[in-house]
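Q: I have a model open and want to learn how to read it. Where do we start?

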Amino acid sequence: MRFTFPPVWKTALLLLALLLPGLSPRLQGDDEIVPVHIKPAIPTNTGLLREPPLDLTKFTRQDFDALSSSVGVDKIHKKWTAAVTPLPPHARSGAQGLTEEEVKTYMRQVRDLFDQGSAVPVSDVGLISTQEDIIRRPMLNHIAAFANDTARVYLLVQRTSTDKNWGYFSIVQDLTVDPPLDYFAEIKGAKVKFEGTGCYKCHSSGPLAIHPAREDLVNDEALTAAINHHIAHQPRSRIFFPPGDRQPDYGKPLEMKTCTKCHDEDCDRAPLYRVHSHPIRVLVDFGHMPPKHQLTAEEITELKAWLEQKP
Ligand code: HEC
Ligand code: HEC
């Protein structure tokens, strides 16, 4: 009689085979070892979410691949050695403060690089934009990072699972001023429209790390880890509010010690205000924040009370 593995064993072995390559560290372009591991986003029932967690079980990996590829397969799934695509040096040497036109030129340049298939995008379904009441259906993202000595530039190409058209958004960090200044805009053809308050609601510290809605709804784990590493080590910056979109008074920042260790004026990440309640609710409930442990029941109650407090 020939020995065959019982079905449970087959499943276990298959799972092991699938998991092992993902767990081993890979070498990045700058010779730094970045462990490749997408932390699963699992709701933890903190009561912080205002809507029940969206059930995505019917949304398959095949659905993701098909919808994601509708942007043009030639533009995504790129082989890469550098996760951050180098840009040519800035044309105006010794610039101290980019002009708005120079910022817009960077934004159009990265859009064109993406459209020509010369960018290295991560494709995912983003957690923060998919959950809660913002859109409540899979939000498909392609995210690419670029840089030279003058600017760090990011592109987001985005659509929901039910929309037809892809929207283009960009962030430019002007590194020639101290602290660096982050410009946010939507790109529509030749038109680049700066925005402040709308983007700051989620982007409290400038570019956001990529957190997929489910660990299999992302095309390249190593690239995600490398871009997240780049974003987590970005300089502390401030956001440019265009004229006509002035920065409102956001009141007092979150003062809970478990958060202000990292999110405070003199820390890695900028302070958090009540206006950031959406990403706070999602990242804490889905176990991403704080990064290394879960909040105690008392801390959850304190955070919830703060989020619900009227200014
Ligand atoms: C509802 C929250 C939300 C708002 C509002 C928002 N973003 Fe984002 N944005 C995200 C999230 C979340 C990501 C990372 C997506 C992921 O995990 O796949 C992201 C990613 C990006 C990126 C790619 C670089 C990065 O940060 O990872 C750009 C560029 C971007 N957004 C631009 C904008 C602009 C411009 C605006 C305002 C017009 C804006 N965003 C408003 C949530 C938001
Ligand atoms: C050990 C440091 C650390 C602690 C403690 C921490 N965070 Fe974070 N937080 C980070 C880092 C690093 C990022 C960016 C990388 C990421 O999103 O994974 C981040 C990102 C965030 C973001 C997205 C905006 C941003 O800054 O990129 C929110 C919202 C957030 N954290 C909320 C919280 C809350 C609420 C707490 C307390 C319950 C908390 N964090 C505790 C380090 C920390």
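A: Start with what counts as an element. Helices (H or I, at least four residues) and strands (E, at least two) are DSSP runs, numbered from the N terminus. With that, take the ligand shells. This is a predicted model. In the shell around ligand 2, α8 gives the most, with 4 residues.

Q: Which elements supply at least two residues each to the shell around ligand 2?

A: They are α7 (257-260) and α8 (277-285). The shell has 23 residues. The closest to ligand 2 are S205, A209, C259, C262 and M289.

Q: How does the shell around ligand 2 divide into nonpolar, polar and charged residues?

A: It has 14 nonpolar, 6 polar and 3 charged residues. Next, look at the domains. Domain 1 (52-248) and domain 2 (250-311) each give at least three residues to the shell around ligand 2.

Q: Which residues come nearest to ligand 1?

A: G126, I128, C199, C202 and P207 come nearest, out of 27 residues around ligand 1. Elements that give two or more residues to this shell are α4 (127-130), β5 (139-147), β6 (151-160), β7 (167-174), β8 (181-188) and α5 (197-200). By class, the shell around ligand 1 has 15 nonpolar, 8 polar and 4 charged residues.

Q: Strands next. How many bridges join β5 to β6?

A: There are 9, and the two strands run antiparallel. To follow the pairing, pick a residue and find its partner. L140 has R159 in β6 as its bridge partner. Then trace the connection: β5 passes to β6 by a hairpin of 3 residues.

Q: And on to β7: how many bridges join β6 to β7?

A: Here 8 bridges join the strands, again in an antiparallel run. Use R152 as the marker; its bridge partner in β7 is Q173. β6 and β7 also form a hairpin, with 6 residues between them.

Q: How many of the residues of β6 are buried?

A: The test is a count of neighbours: a residue is buried if 20 or more other C-beta atoms lie within 10 Å of its own. In β6, 7 of the 10 residues are buried, so the strand is largely enclosed by the rest of the structure. Over the whole protein, 33% of the 311 residues count as buried.

Q: Which residues touch the most other members of the largest nonpolar core?

A: They are M107, V110, A144, L155, V172 and I227, in a core of 61 residues. Domain 1 (52-248) and domain 2 (250-311) both contribute residues, so this core lies between them. L155 makes a good case to inspect. Leaving out residues up to four places away in sequence, L155 touches V110, R111, F114, A119, A144 and S170.

Q: What are the totals of helices and strands for the protein?

A: Count 9 helices and 10 strands. For the contacts, take residues at least 6 apart in sequence. Of those contacts, 66% join residues at least 24 apart.

Q: What should I check in the backbone?

A: Check phi and omega. Most residues other than glycine have a negative phi, and most peptide bonds are trans. Now look for the exceptions. The D178 to P179 bond is cis, with omega near -5 degrees. P179 sits in the loop between β7 and β8. Another cis bond joins M289 and P290, where omega is about -10 degrees. P290 belongs to the loop between α8 and α9 (297-308).

Q: E132 has a positive phi, near 65 degrees. Is E132 buried or exposed?

A: E132 counts as buried, because it has 21 C-beta neighbours inside 10 Å. It lies in the loop between α4 and β5. Compare N45, whose phi is near 60 degrees. N45 is in the loop between β2 (33-34) and α2 (61-69). It has 10 C-beta neighbours inside 10 Å, so N45 counts as exposed.

Q: Which residues does P89 touch, not counting those up to four places away in sequence?

A: P89 touches N148 and D149. The C-alpha atoms of P89 and N148 are separated by 5.9 Å, though the residues are 59 apart along the chain. P89 lies in the loop between β3 (84-86) and α3 (100-115). P89 is exposed, because just 10 other C-beta atoms lie within 10 Å.

How values were computed: Residues numbered from 1 in each chain as written. Chains lettered and ligands numbered in written order. Predicted model: local features only at pLDDT ≥ 70, side-chain atom pairs only at ≥ 80, totals over all residues. Near = placed C-beta within 6 Å. Nonpolar A, V, L, I, M, F, W, Y, C, P; charged D, E, K, R; others polar. Buried ≥ 20, exposed ≤ 12 C-beta atoms within 10 Å, placed from the backbone. Pairing = 2+ DSSP bridges. Core = buried A, V, L, I, M, F, W, Y, C linked by C-beta atoms within 7 Å. Domains from an automatic or database assignment. Contact = placed C-beta atoms within 7 Å.
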